[in-house]
Each structure stands twice: as C-alpha cells, then as structure tokens.
Amino acid sequence: MSRIETPRPIRGTQDMLGEQALRFGHVVQTFDRVRRLYGFGRVEVPVFEPTAVFARSLGETTDVVSKEMYSFEDRGGDSVTLRPEFTAGIARAYLTEGWQQHAPLKVATHGPLFRYERPQKGRYRQFHQLDAEVIGAAEPQADVELLCMADQLLRELGVADGVTLTLNTLGDGETREAWRAALVAHFEKHRGELSEDSLDRLAKNPLRILDSKDPRDRPIADAAPEIDDYLSAEAGAFFAAVTKGLDAAGVAWTRNARLVRGLDYYRHTAFEFVTDRLGAQGTVLGGGRYDGLIETLGGPVTPAVGWAAGIERLAMLIDLPAPERIEVAVVPMGEGAQALAARALADLRRAGIAADMAYKGNMKRRMQKADASGARYAVIIGDDEVARGEVSLKDMAAQTQGPVAIDALVAAIRG
RNA sequence: GCGAUCGUAGCUCAAUUGGUUAGAGCGCCGGUUUGUGGUACCGGAGGUUGCGGGUUCAAUCCCCGUCGAUCGCCCCA
C-alpha cells in the first residue's frame, strides 16, 4: 500500500512547542492575572458568528469584508464567519444575552482569530489576541482605566521599555465629519503629487493617507490639517480628561495627531502601543472608543471602549520565561519495579509534587532523561528496592542517595 | 493580490567555476559501564537535495513552472 502524502498545515497557522509555547503561555497567564487586578471578568464568546455580525460592524463596503474574512456557508446555507476580531462578537452578545443589565460591563478574553492575509513577521491567518472591553461607559475614566491596564500588562511582561503609547482623539461625530472634509479638501488640492495607492485611499478611506509609508505622500500628509482645529468643546474636554487621568496615574504617552481608525464608529480616544522591534508590524496593542458600533448591530446607542493585543507579537518581545520543570523523576528498572513506580508517581502527584517517569531505555538513558528534565530528585526503583518496599531517593545536584520507605517518600521530598 | 530572498538528514547548516559514493554539529538509538545523570570515547540508523519539467556526457548548483517559507507592499476591524 502506498503511503499518502502527509497533509501540510494550512498557510498562516502555527504549531507551537517548547520555547514558543512557553512564551505564549506566559503572555496569556500574565494577562489573566492583570485583568483580575482591574476587575475585568472573563468572557467567552463563539469562535464563529453569522457573517452579518462582522460585516455590519465593518460597514460592508471595505474589501476587508470581501477579501479578508474566513466566510463560508454551513450546511443550512447560512453564511458564517470565523471571528476576525473580538469586539463585534462581544457587542453582539451584549445585545442578545441581555448583558445590558450589567453595564458598565468590564470584560476580558483571549483566543484565536482568523484573517485571510499574507503571513509575515508577527502576522498569521490564525493568530491570537488578548482583549479587554468596557461596554456601556461614556466616561473618560473608562478609557483611562483600560490604558492603565494595558500599560501595566506591558510592564509586567517586561516589554514596556521598548514600547510607547501613542494617543490621539478622533473627536465626536461632528468633529470627525468636519475634519474629514478638511482632509479630503487638502488632499484633493495635491491630487497630482499623491501616490497611486493614496489616490485610491482618497476615494475609499482618505484618513489612511495620513499614515502612508510612501515618501511621495509624506510631505502632503504631514502638512494636512490637524484634528485639533476642528475639535468641538466637548470632544476637547473628553480628550483632556483622558490625558489628565493618564498623567495622574503615571502612564507615559505621546500624542500622535495622525493616528486614525478607518471605520466610522470610532469616536474620541484612539491609541496604539508601538515598537520598532517587529519590522512592519509595529503595533503591539491597539484600541479605542467605539461609541457607534453597537448601533450598527441594531442595538441602542451604547458607548464603549476597548483594546486588543497580539499574543504572538508580545511573545516575540518578552524575555524567555523560566522553563517548566518537574521536581521528581521516577526511574524504574525492570518489570518488577513497575507497580512500585506507579505507586510512587501517584503518591507524589496527589501530594502536589510535579513528577514524571522515563518509560524506556537502559538505566543510563533514564538517568539522562531525569537529568535533562531538571528534576531535583530521582526516585530509583529496582529489584532490590522492591524486595524491601523501598525506593532510592537521589538528590541530583548533591549526588547523594539513600533508601526511603515508599510510605515516607512524599514526606522525605517535602523535607 | 504584488515584489524580493530562500527551500539539502528530525533541527541548525556545509558541499570548489556544474563532476564520481551529498558531509558536519546537535538530537535519536546502541556500546565502553548487564543498576546511576550533567562531561568523554566508539559505533549505528536517518536523504527521491520541496515537487514537476528542461538544458547538459553529467544538475544540490543553470533555466521554466509549481508548492511552501521568510521579509516587505497592499490591507490592518
């Protein structure tokens, strides 16, 4: 029978083991700890949703929807989509599960997301994010709290030094419209000097010209009107409250008046924590206030703010976490030792002592395994020990070894 | 979707301007030590050089295609 060719993993997916898995786990654990410090409850939402959940929130028009979502028909003919972000799904749940009663709702989650993109550094088709949202809070204090939490997370991960918080306001609806009109007028004036890409953007998403990388666009983008000149009094006050809160809490930030969001439902605060250590994928954590989103899902006007952070990107930035190691390695020799070894392992593990056993190889091989595992002790069990109802407990570092009755093993190790 | 670079052992990499049997380290297995690790020594297994085609007496090497990876562009909810 001829062998089939082993199926390849899907492009842009990852299999993680060892160091990579360790890094990933450390990011998630740290997030889970910090999120509790801020009173954010864990929320679980589906990995897939009706396509409308994401299509609505993204505004249907962008090619994001048509080209970059994993959408397909299920057997009933309904269009479903693997979630490309957390926010829309959580907003949907907020409406369909009656979570309005908990407003302001502070929730956090993490897990896989899917976007049909060309993989590159820190960018995958199945990727993973941390996510935190406050739904039903119009107060700038919510923005401040979220930013403090993000800042603390990055500090506790030890990456804060290479990362800066860039902050902007997109103003309220009125501000946004006025500014947008001024930008379009400005870019129209310089139509002839813009890159082809930016001419496209001018038609589809003019705000995006502001962060164009094309050198031909830079002078024009840099000379573009500032949002500050169009900020309404309320919008200005809101932004001032956020920055004041950050200053009071000791969170460093930099104004980036050109930081924008493509979608219309974003209002007021927009922010990104960026680094120059990840090539083209410099954003490590980003978010903002999306007061207009829940309406687009058919809900009542509901203020909300949140952020998400790429786990892979954070995992690349952190120092290598300490390896996980066991405390005790059980080394049985011969058939007669199996039962006693099973007993010893069970006793140790039930007592909360991490223990493992080498199954194969000669004694030397098993001792090598025990050594490589980083275990502090080896429990050696051969025919002699079995006959006496004992095991030999070896301190790996001290190279000392002595007999211990099987009943006394746990106590001996706890010392 | 576009561009550039790269695909050799499980992993990291060699292999002279195209030349005979494709090598090393690590890892794995066995042994030196039939019950003792971190070092050391000896031996062994492991390759359709991503895949398909072409040029050539001869291709890991040159050409075309394809798949994949990486980095960038576009996009970035």
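**Entry 1: the end of H5**

I began just after H5, where Gly-158 takes a positive phi of about 80°. I was working throughout with a predicted model, and I kept that in mind for every value below. Going back into the helix itself, I compared its length with expectation: at 1.5 Å a residue, the 17 residues of H5 should span 24 Å, and the end C-alpha atoms are 24 Å apart, which agrees. I then asked how many of the 17 residues of H5 are buried. I counted 12, so that H5 is mostly covered. Among the buried residues are Pro-140, Ala-142, Leu-146, Leu-147, Met-149 and Leu-153, and the list also includes two aspartates, Asp-143 and Asp-151.

**Entry 2: H1 and what lies under it**

Next I looked up helix H1, residues 19–37, which reaches 27 Å from its first C-alpha to its last, close to the 27 Å expected at 1.5 Å a residue for its 19 residues. The buried residues of H1 include Leu-22, Phe-24, Val-27, Val-28, Phe-31 and Val-34, and I noted that Arg-23, Asp-32 and Arg-35 are on the list as well. Against which elements do the buried residues of H1 pack? I found strand E1 (41–42), strand E5 (105–114), E6, helix H5 (140–156), strand E11 (304–310) and helix H11 (311–317). H1 is followed by Gly-39, whose phi is positive, near 75°.

**Entry 3: the sheet**

I traced the sheet that contains several of these strands, and it is an open one of 8 strands in the order E1-E5-E6-E11-E10-E9-E7-E8, with mixed pairing. Which strands stand at the edges? They are E1 and strand E8 (254–255), and because each has a single partner strand, one side of each is left without a neighbour in the sheet. Further in, strand E9 (residues 267–275) and strand E10 (residues 283–289) pair in the antiparallel sense over 6 bridges, and I noted that Arg-267 has Arg-289 of E10 as its bridge partner.

**Entry 4: Ala-132**

I picked one residue to follow closely, Ala-132, which has its place in strand E6 (residues 126–135). Buried or exposed, I asked of Ala-132? Its relative accessible area is 0%, and since the cut-off for buried is under 20%, Ala-132 counts as buried. Leaving aside neighbours within four places in sequence, I found Ala-132 in contact with Phe-40, Val-107, Ala-108, Leu-146, Met-149, Val-305, Gly-306 and Trp-307. Two of these contacts, Leu-146 and Met-149, are among the buried residues of H5. Met-149 is 17 residues away from Ala-132 along the chain, and their C-alpha atoms are separated by 9.2 Å.

**Entry 5: backbone exceptions**

I then went through the backbone for departures from the usual pattern, remembering that most residues other than glycine have a negative phi, and most peptide bonds are trans. A cis peptide bond joins Ala-103 and Pro-104, with omega about -5°, and Pro-104 is found in the loop between helix H4 (87–96) and E5. His-268 has a positive phi, near 55°, although it is a residue other than glycine; His-268 lies in strand E9 and, at 10% relative accessibility, counts as buried. Gln-399 is another non-glycine residue with a positive phi, near 60°, but Gln-399 lies in the loop between strand E15 (390–395) and strand E16 (400–405) and, at 63% relative accessibility, counts as exposed.

**Entry 6: the surface near RNA strand B**

Gln-399 brought me to the RNA, where 43 residues surround RNA strand B and the closest are Arg-123, Arg-201, Arg-208, Met-396 and Gln-399. Sugar and phosphate account for 52% of the atoms of RNA strand B that come within 4 Å of the protein. I sorted the residues of this surface by type and recorded 12 nonpolar, 11 polar and 20 charged. Which helix supplies the largest share of the surface near RNA strand B? That is H13, with 6 residues, while helix H3 (63–68), helix H7 (196–204) and helix H14 (383–388) each supply at least two.

I also wrote down three individual polar approaches. A polar side-chain atom of Arg-11 lies 2.8 Å from a phosphate oxygen of RNA strand B. At the bases, an N or O atom in the side chain of Arg-118 is 3.4 Å from a base nitrogen of the strand, and a polar side-chain atom of Gln-401 lies 2.7 Å from a base oxygen.

Conventions: Residues numbered from 1 in each chain as written. Chains lettered and ligands numbered in written order. Predicted model: local features only at pLDDT ≥ 70, side-chain atom pairs only at ≥ 80, totals over all residues. Heavy atoms only, no water. Helix = DSSP H or I, 4+ residues; strand = E, 2+ residues; numbered from the N terminus. Buried < 20%, exposed > 50% of the residue type's maximum accessible area, 1.4 Å probe, protein only. Contact = heavy atoms within 4.5 Å. Near = heavy atom within 4 Å. Polar contact = N/O pair within 3.5 Å; in protein donor to acceptor, adjacent residues only side chain to side chain. Nonpolar A, V, L, I, M, F, W, Y, C, P; charged D, E, K, R; others polar. Expected span 1.5 Å × (residues − 1). Pairing = 2+ DSSP bridges.
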